[in-house]
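Me: I have a structure open and want to learn how to read it. Can you take me through it, feature by feature?

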Amino acid sequence: MRINKSVILIAALLTSACGYHLRGAYDLPKGMKTIFLQGGSPTLREQLKTVLSSSSGQLVTSPDKADIVLRVSKDEIERRVLSLSERGRSNDIELAGHLEFEVIDTKNGVLVEREPIDFRREYFNDQQDVIAKDNEETVIRKEMYQQVVRTMINRSRAALAAKGK
């Protein structure tokens, strides 16, 4: 019994010592603890809020309270049919998104100039299970926005690191 507890304790210590983080958790620098999002879709806002809350950050409601401002000027996703079945129903669907953002610091200095992010996913559309496929599309959209949020945070962190040098 004692050996099992010791093994678990050692594994936990080794895991924490190697810098392991849960996916989605970031070690945010001092200048990114509070972020204001200007523009963007509700799904983007939801995913950013989730990532920040898991990373000891906060999405604030006013640019005055923020360390940085993320300005999203374009945020759109197109749904396109890639292939049709013999009966003319869609078999493969592509979700293609385009987003443009810039990062502004507290003194209205531009940290990241207007930058595009393109993202896309394809999935098979089974006509026998329409309700499940609608749910799958919602999940895919959320995953796409999770990736966009990771990209925006990584680019913002790099810009803050470059500014600090």
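Reply: We go from the overall fold to the sheet, the core and the charged pairs. Keep in mind that this is a predicted model.

Me: Let me begin with the fold. How many helices and strands are in the protein?

Reply: Count the elements, then read their order. The protein has 3 helices and 5 strands. Along the sequence they follow the pattern α-β-α-β-β-β-β-α.

Me: In what order do the strands form the sheet?

Reply: Order in a sheet is read across the strands. Here the 5 strands form an open sheet, ordered β2-β1-β3-β4-β5. The pairing is mixed.

Me: Which strands stand at the edges?

Reply: Look for strands with a single partner. They are β2 (58-59) and β5, so one side of each has no neighbour in the sheet.

Me: Now a pair inside the sheet. In what sense do β3 and β4 pair, parallel or antiparallel?

Reply: Antiparallel, over 15 bridges. Take one bridge as an example: leucine 84 has serine 90, in β4, as its partner.

Me: What share of the residues counts as buried?

Reply: Of the 165 residues, 35% count as buried. The accessible surface comes to about 10800 Å². Carbon and sulfur atoms account for 50% of that surface.

Me: What is the general idea behind a core?

Reply: In soluble globular proteins, nonpolar side chains tend to be buried together. Now the case here. The largest nonpolar core has 32 residues. Those touching the most other members are Leu44, Leu48, Leu70, Leu99, Phe101, Phe119 and Met152.

Me: Which elements give two or more residues to this core?

Reply: Six names to find on the model: β1 (34-38), α2 (42-54), β3 (68-84), β4 (90-105), β5 (110-124) and α3 (130-164). Of these, α3 gives the most, with 9 residues. Another core lies apart from this one. That other core has 5 residues, among them Phe36, Val60, Ala66 and Ile104.

Me: Let me zoom in on one core residue. What is phenylalanine 101 in contact with?

Reply: Skip the neighbours within four places in sequence, and read what remains. Phenylalanine 101 then touches Leu70, Arg71, Val72, Val112, Glu113, Arg114, Glu115, Ile117, Met152 and Arg155.

Me: And histidine 98, where does it lie?

Reply: Histidine 98 is in strand β4. Its side chain makes a polar contact of 3.0 Å with the side chain of glutamate 100. Beyond four places in sequence, histidine 98 is in contact with Lys74, Asp75, Glu76, Pro116, Ile117, Asp118 and Phe119.

Me: How should I read contacts over the whole chain?

Reply: Ask how far apart in sequence the partners are. Among contacts between residues at least 6 apart, 66% join residues at least 24 apart. For one pair of residues, take glutamine 147 and phenylalanine 119, which are 28 residues apart along the chain. Their C-alpha atoms are separated by 8.6 Å.

Me: What else can I read at glutamine 147?

Reply: Glutamine 147 is placed in helix α3. With 41% relative accessibility, glutamine 147 is partly exposed. Its side chain joins that of arginine 150 through a polar contact of 3.0 Å.

Me: On to charges. How many salt bridges does a search of the whole structure find?

Reply: The search finds 9. For each pair, check the distance, then where the two residues sit. Glutamate 46 and lysine 142 meet at 3.8 Å, N to O. Glutamate 46 is in helix α2 and lysine 142 in helix α3, 96 residues apart. Both are partly exposed: glutamate 46 at 38%, lysine 142 at 34%.

Me: Is glutamate 137 buried or exposed?

Reply: Buried, at 10% relative accessible area, because the cut-off for buried is under 20%. Its salt-bridge partner arginine 79 is partly exposed, at 45%. The two side chains meet at 2.8 Å, N to O. This pair links helix α3, home of glutamate 137, with strand β3, home of arginine 79; the residues are 58 apart.

Me: Which parts does the pair of arginine 155 and glutamate 115 tie together?

Reply: Their closest N and O atoms are 2.7 Å apart. Arginine 155 lies in helix α3 and glutamate 115 in strand β5, so the bridge ties together parts 40 residues apart in sequence. Arginine 155 is partly exposed at 29%, and glutamate 115 is partly exposed at 25%.

Me: Which residues do shared salt-bridge partners join into one network?

Reply: Arg79, Glu137 and Arg141.

Notes:
Residues numbered from 1 in each chain as written. Predicted model: local features only at pLDDT ≥ 70, side-chain atom pairs only at ≥ 80, totals over all residues. Heavy atoms only, no water. Core = buried A, V, L, I, M, F, W, Y, C linked by side-chain atoms within 4.5 Å. Buried < 20%, exposed > 50% of the residue type's maximum accessible area, 1.4 Å probe, protein only. Helix = DSSP H or I, 4+ residues; strand = E, 2+ residues; numbered from the N terminus. Contact = heavy atoms within 4.5 Å. Polar contact = N/O pair within 3.5 Å; in protein donor to acceptor, adjacent residues only side chain to side chain. Pairing = 2+ DSSP bridges. Areas by Shrake-Rupley, 256 points an atom, 1.4 Å probe, with all protein chains shown as cover. Salt bridge = Lys/Arg side-chain N within 4 Å of Asp/Glu carboxyl O.
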